[in-house]
Amino acid sequence: MTDADICIIGSGAGAGPVARQLAQAGFSVVVLEKGPHFTQQDYFKDELACCRRSVYTPNLRDERHVIEDYDGKDASGHYKWSRQSTADSGWDFWNGNVVGGSSNFMSGFFYRLKPQDFHLLSEFGPITGANLADWPISYEDLEPYYTMVEHIVGVSGRFNPHPFAEPRSTPDFPFPPTQEHIVASLFDDACSKMQLHSLRTPRAILPTAISAQRRGCEYSGFCGSYGCASGAKGSSREALLNDAVKTGHCQILARSKVNRLISDNSGKVTAAEYVDVHGVLHRVSARIFVVACQAVETARLLLLSTGPKHPNGLGNNHAQVGKNLVFSAGGAGYGDLIYHELDPKLVQQLKVRGPFVNRGLQDWYVINDEQFGPRAKGGTIDFLLRHPNAINRAIQLKWDDQDKLVWGSALKQKLKHEFTNALSVRYEVFCDWLPTDDCFVALDSSVKDKWGVPVAKIRIGYHDHDIKVGQYLSGKAKQVLQAMGTKKIRGGVDGSPPQNLQAGGCRFGTDPVSSVLDPECRIHDAPNVFVSDGSWMPTGGSVPYTWTIYANAFRVADIIKRQL
Amino acid sequence: MHKLLKQWDDSLSPTQHAHLDTNLARRHFIFNNLKAAAALSLAPAWLGLNGCHADERANEQARLSQIEPWYTIATAQQQLFPDDGDGPDARSINATSYLKFVLDAPDMDPEDRRFILDGVDWLNRLAIARYTGVFASCEQAQQVSLLQEIAKSQAGERWLSFLVTYIMEALLSDPVYGGNPDGIGWKWLQHIPGFPRPPANKRYFDLL
C-alpha cells in the first residue's frame, strides 16, 4: 500500500496537467512543491515583490546555482570556463518557486512547435558541434494535446494562415483575442507594406470570464513577471491544480523540498524524501513518480537520487542526465515612437496602458536566403511594449554609455526624458538553442544549499550558429520597427541564455545509451518514473516552450493512466 | 587617487569585488536576458527589505535627517537627487527613511549593510582631509567635488551606486512602502501603476 498513486515533484506547467487528469480519473495524487502556496488574492502589481526581492524565488544566499561561462581560450585553443555563484552575480536562475511554478509569471505567448521542429536533424542536416537529434514522436502525436491545452488552460487568439502555419485539427482558437493596443495597428500597416504575414500571438490569457475563479483579463498593463489577480492567465495553479484539488483526490504539499528519490534493487522508485518548512524529513511512497522541477532542477534531483541500480543518479547509467540543456537563442531590441514627432491624437492612444500588442512574425521560421547560406531553421519574432516596470528601468539609467555613474540633475533629466518622450516597442527573437557538449547541468562539487545538498552547476556555452540565426532575425525585426516609424532602433544578440526558458537535460529517445527517457517520457531503467517538464526536448524549437510543455504533460498523463 | 580611497578599495572583500565585476558586466546585459518580458532583475537579489507603515516614513525622514549617520546620507542623497525645480528631490520622496527601512530588513545582506553605513565614515574622512570639515558641513560645490572624487574609486562608485539604486526605489515603488508619497514619483514620470496595488497587510515581506 502506497501513500498515493502518483507523486509529482514540482507544480508548474509539467505538473499541472498530470495532477488534474489523474485526479479527475480518480487516482490519488500528491504534489510536492518547494515554494509557498499563494493564491490570486496574494498577487499584486508590486514591483518590489515581483522583481526586486526574493519573494517567489529562493534567497540566493540560501539556494544558488554555479554558472560556468566562456572565458576565452587557453594556449591550445580549448575553451576556458569561468565559474561564479549566482549569489555573487545576482544572475538568478530560479523562475518561480511557488505552487504553479514559473507559469504564474509567464507572459503566456503561446506558440505551437511546427512539424519540422520534431525532426530538425533530418530536415536540415547535421551542424558541426551540435548534438542534433530527431524526436521519437511527430507533430501529429502532439497535436491533439495542443488542442486540449487551448480548451482546458485557455488560449485566446485568432488563427492567421501563413506559409509556415502548423496544421490544426480545429479551425480556430476557442477564445477570441484579448484587447489590442494601437501599436498592433501600426505593426499591421508596416507588415502590409512589407508583404509580411502579421500574426496574432496566441495568449494563455482569457479575454472574458469562464468561471467565478477565472475571470477575464483586467488589463492592468502588468502581465509578464507578475502573478495574475483575476485568474485570466492560464497558470498551472489557476487552470489545472485548482481543478485537481476540487476532485478531493489531489493534495498539494507546499514548502516541501524534495532532496532525493529513493529506489529499490529493481531500479524502481519507492519514495520521495522531502524536508518540510520546519526542517523535518518525510517520505511519500507512490506507484508512479513524476519529476517536473524545470530542466535544471529536474536534472539536479535525478543526479542526487542514487540507488542500487542507479549508482550515478537516477536514469544516469549512460551519463546523459543533465546533458544537452537548451535555452532559447535569439535576442531582443527596441524602437521608440517619439511623441513630439507624432499626431497628438495618436500619442494619446499610445499612452493607453492595458491592452496587448499581441503580434508576431514567423515568415522566417525557415530561412531560404542565399545571403544567409544554405536553407536553415529560423525562428519567431514577437513584438510587444517595453515591460512597464519602472524601478528596474530607472536603475538601468544610472549608468552612462561609458559605464560611469550618473546622478544629480543629469540623472533626473535622463529619467524624465526616457520615461516621458517616447513609447518603446520591443521585439524578441526566439530561435533554436542548439544542444552542444558545452551546455549542461551537473552537481557542483563544493557549493551546497542551506540543507547541505549540492547545488546545480550550469555550463552555459552556446553554438555560434545560434548567434548567426539570431542576428539574421534581429535584422528583420529592426526593418519592421523602421517601417513602423520607430526611431533609435537598437538591439542585441549574444550568447547569454534567457534563464526563464529552459529545456532539455533529459532528452527522450529510443536508445537508452543516448537518451534518458523513452518516447513516453519514462526513465529507461526506472519504469515508474516520468519526467514531464521541458527536460525531454532534444531540440527546443523556435518558440517559447510553455504550450509544448503543457501539451506533452497531458500526453504523459494519458500514458500514466494506461500504465496504472 | 587619494590614499583614503585606495584604502577603501583595499578594504573590499572578495565577495564585494565579485559583485563589482558582475555589475560592470551586467550594464551591457540588457537585451537577451530574460525574454518573454520576464523580470528584469538587474538588482542584486540578495537585497532585502522590511519595514514600518508608510505614514511613519515621512516623519522618520525628518527625524533621521538630524542624526548621524543619516544626516550625512541625507545630504549625499540630496546631491544625488537634488531639488532642481523639475520633479521631486530625495527629501520629498523620503529617500533617507526608505534607505533605513531597507537596511533594517532582516534579510538584508549584512556585508552590504555594513558597507553602506561604513561609507559614511570614508566620505567624512575624505571631506576632513580635503576641506577640514565633515561632508555635510562642506559647501555645495565641495560636496559635489567630493562625490565626484569618490566615484573614481571602485568602493566609492559602489557606495554611490547603492544610494542611487535605493533612491530609485524610493521614487518609484508603491507608496505602501513609504517612499513615493502620494505617487509623486509616478506622476512626475507619467508612470501608470498596475492594479491591484499591494495593501498594507500584503506587502512583500508579509508574504515571505
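In which helix of chain A is the place of Leu22(A)? Leu22(A) belongs to helix H1, which covers residues 16–24 of chain A. Please keep in mind as you look around that this is a predicted model.

**Around Leu22(A)**

Is Leu22(A) buried or exposed? Leu22(A) has 27 other C-beta atoms within 10 Å, and because 20 or more count as buried, Leu22(A) is buried. Setting aside the neighbours within four places in sequence, its contacts are Ile6(A), Phe27(A), Val29(A), Ala557(A), Ile560(A) and Lys561(A). Phe554(A) is 532 residues away from Leu22(A) in sequence, yet the two C-alpha atoms are 9.9 Å apart in space.

**A sheet in chain A**

Now for a sheet of 4 strands in chain A: the sheet is open, runs in the order S4-S3-S18-S17 and has mixed pairing. Strand S4 (79–85) and strand S17 (439–448) of chain A are at the edges; each has a single partner strand, so one side of each has no neighbour in the sheet. On average, and ignoring direction, neighbouring strands of this sheet are turned by 35 degrees against each other.

S17(A) pairs with strand S18 (residues 454–460) of chain A in the antiparallel sense, over 6 bridges. If you would like a spot to look at, Phe440(A) has Arg459(A) as its bridge partner in S18(A). Helix H8 of chain A, residues 295–304, packs on the sheet and touches S17 and S18 of chain A. The direction of this helix makes about 60 degrees with that of S17(A).

**Where the chains meet**

Chain A gives 71 residues to the contact between the chains, and chain B gives 61 residues. On the side of chain B that touches chain A, at least two residues each come from helix H2 (14–26), helix H4 (70–80), helix H8 (154–172) and helix H10 (204–207) of chain B. H8(B) supplies the largest share of that side, with 9 residues.

**Two helices in chain B**

H8(B) also meets helix H5 (residues 95–103) of chain B: their axes come within 9 Å and cross at roughly 110 degrees. H5(B) is therefore roughly perpendicular to H8(B). From H5(B), the contact uses Ala95(B), Tyr98(B), Leu99(B) and Val102(B); from H8(B), Tyr166(B), Ile167(B), Glu169(B) and Ala170(B) take part.

The table sets out the residue classes of both contacts.

| Contact | Nonpolar | Polar | Charged |
|---|---|---|---|
| Side of chain B that touches chain A | 36 residues | 15 residues | 10 residues |
| H5(B) with H8(B) | 7 residues | no residues | 1 residue |

Terms used: Residues are numbered from 1 along each chain as its sequence is written. Chains are lettered from A and ligands numbered from 1 in the order in which they are written. This is a predicted model: local features need pLDDT of at least 70, side-chain atom pairs count only at pLDDT 80 or more; totals for chains, interfaces and linings use all residues. Two residues are in contact if their C-beta atoms, placed from the backbone, lie within 7 Å. Ala, Val, Leu, Ile, Met, Phe, Trp, Tyr, Cys and Pro count as nonpolar, Asp, Glu, Lys and Arg as charged, and the others, Gly among them, as polar. Axes are lines fitted to C-alpha atoms, for helices over the stretch in contact, and angles run from 0 to 180 degrees between N-to-C directions. Angles under 35 degrees count as roughly parallel, over 145 as roughly antiparallel, 65 to 115 as roughly perpendicular and the rest as oblique. A residue is buried if 20 or more other C-beta atoms lie within 10 Å of its own, exposed if 12 or fewer, and partly exposed in between; C-beta atoms are placed from the backbone. Two strands pair if DSSP finds at least two bridges between them.
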